[in-house]
Amino acid sequence: MAFEPPQRLVRALGESAPDGDDWLERLPETVREAVALRELTVERVQVPGGRSSLVVLVRHADGTPAVLKLAPLRFRPEAERAALTRWDGLGAVQLVEGPVSEGVLLLERLHPDVSVRSLPEAKALLEAAGTLRRLWVEPPAEHVFETVAERTGRQAEVMRARADAAVAPLVDAALAAREELLAAPPEHRLLHGTFRQSKVLAGERMPWLAVGPDPVVGECAFDLARLVRDRVEDLIASPSGAATTRRRVKRLAESLEVDQERLRGWTLFRAVESGVRALRVGRPRDAELLLEFAGWV
């Protein structure tokens, strides 16, 4: 199979790849091997695709559509496999049984070009929140997932080390919120980890199903926090963006029975962390949006 990886993926991996990483160079051969092992027929590469994986639309020998997903090991594809196995299709894309290769997932085919973002904003938030609720289950007793404390601990170290003076007040506020939130975590649930509207695709067996988890174990407010800032560019452009953000925190907290102050705290931390990371990798416009949003929370 001859193809060029989507430019979105190439750019994103260029921002984060460690020295000596050759995953992109090996990708064509990895795809050929994965397709041959599973006796699949390739239709096309999904474009623009994601920032951490290659998604290939394929068909089984009997014509059944499916998706082949390949990701570098640093993006924890085996944790994604474990989470999808635990959810077993309830609220999330179904993992297809078959040969297991490290870093390669075979998934049911959803409608890759139809996400919940295609709905009006209020309806999109409602459908996304309902999907997210179904994912909040007890993790397996012997699980392989990071905890919220572990993941945000790594992020906090980078925030302390890399933040410049201009964003120091926001970083200090975010780190203080994290410390307070972790002092008494109320729940121990399996979370999607990177949930937003674009991660919810239209399906056949259910109207909407989540894809692309970076699973983590912790409290539900952490998972919901990323959804609060969805369509951040629209919020920033609106004269009532700050008020809309506060109403969104309240509405989502009430609809999913999450403590409003804990949701606000995790929304602040996650927005600042994303903003500092965007600055670090040379995306100043994204950083500006995220940090302005964080100032409203």
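This report walks through two helix contacts, two small sheets and one buried leucine in a predicted model.

**Helices around H7**

A good place to start is helix H7, residues 220-228, which packs with helix H9, residues 241-255. It also has helix H4 as a partner. The table sets the two pairs side by side.

| Helix pair | Crossing angle | Axis separation | Handedness |
|---|---|---|---|
| H7 and H9 | about 140° | 10 Å | right-handed |
| H4 and H7 | roughly 160° | within 11 Å | right-handed |

Let us take H7 and H9 first. Angles over 145 degrees count as roughly antiparallel, and with an angle of about 140° this pair is therefore oblique. On the H7 side, the contact is made by Leu 224, Leu 227 and Val 228. H9 brings Arg 248, Val 249, Leu 252 and Ala 253. By class, this contact has six nonpolar residues, no polar ones and one that is charged.

Now for H4 and H7. Their axes cross at roughly 160°, and the two helices are therefore roughly antiparallel to each other. H4 offers Leu 125, Ala 128, Ala 129 and Leu 132, and these meet Asp 223, Leu 224 and Leu 227 of H7. Here, too, the residues divide into six nonpolar, no polar and one charged. If you have the structure open, Leu 224 and Leu 227 are good residues to look for: they take part in the contact with H9 and also in the contact with H4.

**A sheet under H4**

H4, residues 121-135, also leads us to a sheet, as this helix lies across strands S8 and S9 and runs at about 55° to S9. The sheet is open, has three strands in the order S5-S8-S9, and is paired in the antiparallel sense. Strand S5 (111-115) and strand S9 (208-210) are the edges; each has a single partner strand, so one side of each has no neighbour in the sheet. From one strand to the next, the twist averages 55°.

Looking at one pairing in more detail, strand S8, residues 200-202, and S9 are antiparallel and joined over three bridges. One residue pair to find is Ala 202 with Trp 208, its bridge partner in S9.

**A second sheet, with mixed pairing**

Another open sheet of three strands runs in the order S6-S10-S7, and its pairing is mixed. At its edges are strand S6 (146-147) and strand S7 (189-191), each of which pairs on one side only. S6 and strand S10, residues 216-218, pair in the parallel sense over two bridges. Within this sheet, Glu 146 stands opposite Val 216 in S10.

**Leu 235 and its surroundings**

We finish with a single residue, Leu 235, which sits in helix H8, residues 232-237. Is Leu 235 buried or exposed? Its relative accessibility is 4%, and the cut-off for buried is under 20%, so Leu 235 counts as buried.

What is Leu 235 in contact with, leaving aside neighbours within four places in sequence? The contacts are Val 228, Asp 230, Gly 241, Thr 244, Thr 245, Arg 248, Phe 293 and Trp 296. Two of these names are familiar by now: Val 228 of H7 and Arg 248 of H9 also belong to the contact between those helices. Further along the chain, Leu 289 is 54 residues from Leu 235, and the C-alpha atoms of the two are separated by 9.2 Å.

Terms used
Residues numbered from 1 in each chain as written. Predicted model: local features only at pLDDT ≥ 70, side-chain atom pairs only at ≥ 80, totals over all residues. Heavy atoms only, no water. Axes fitted to C-alpha atoms, helices over the stretch in contact; angles between N-to-C directions. Helix = DSSP H or I, 4+ residues; strand = E, 2+ residues; numbered from the N terminus. Parallel < 35°, antiparallel > 145°, perpendicular 65-115°, else oblique. Left-handed = near helix turned anticlockwise from the far one by under 90°. Contact = heavy atoms within 4.5 Å. Nonpolar A, V, L, I, M, F, W, Y, C, P; charged D, E, K, R; others polar. Pairing = 2+ DSSP bridges. Buried < 20%, exposed > 50% of the residue type's maximum accessible area, 1.4 Å probe, protein only.
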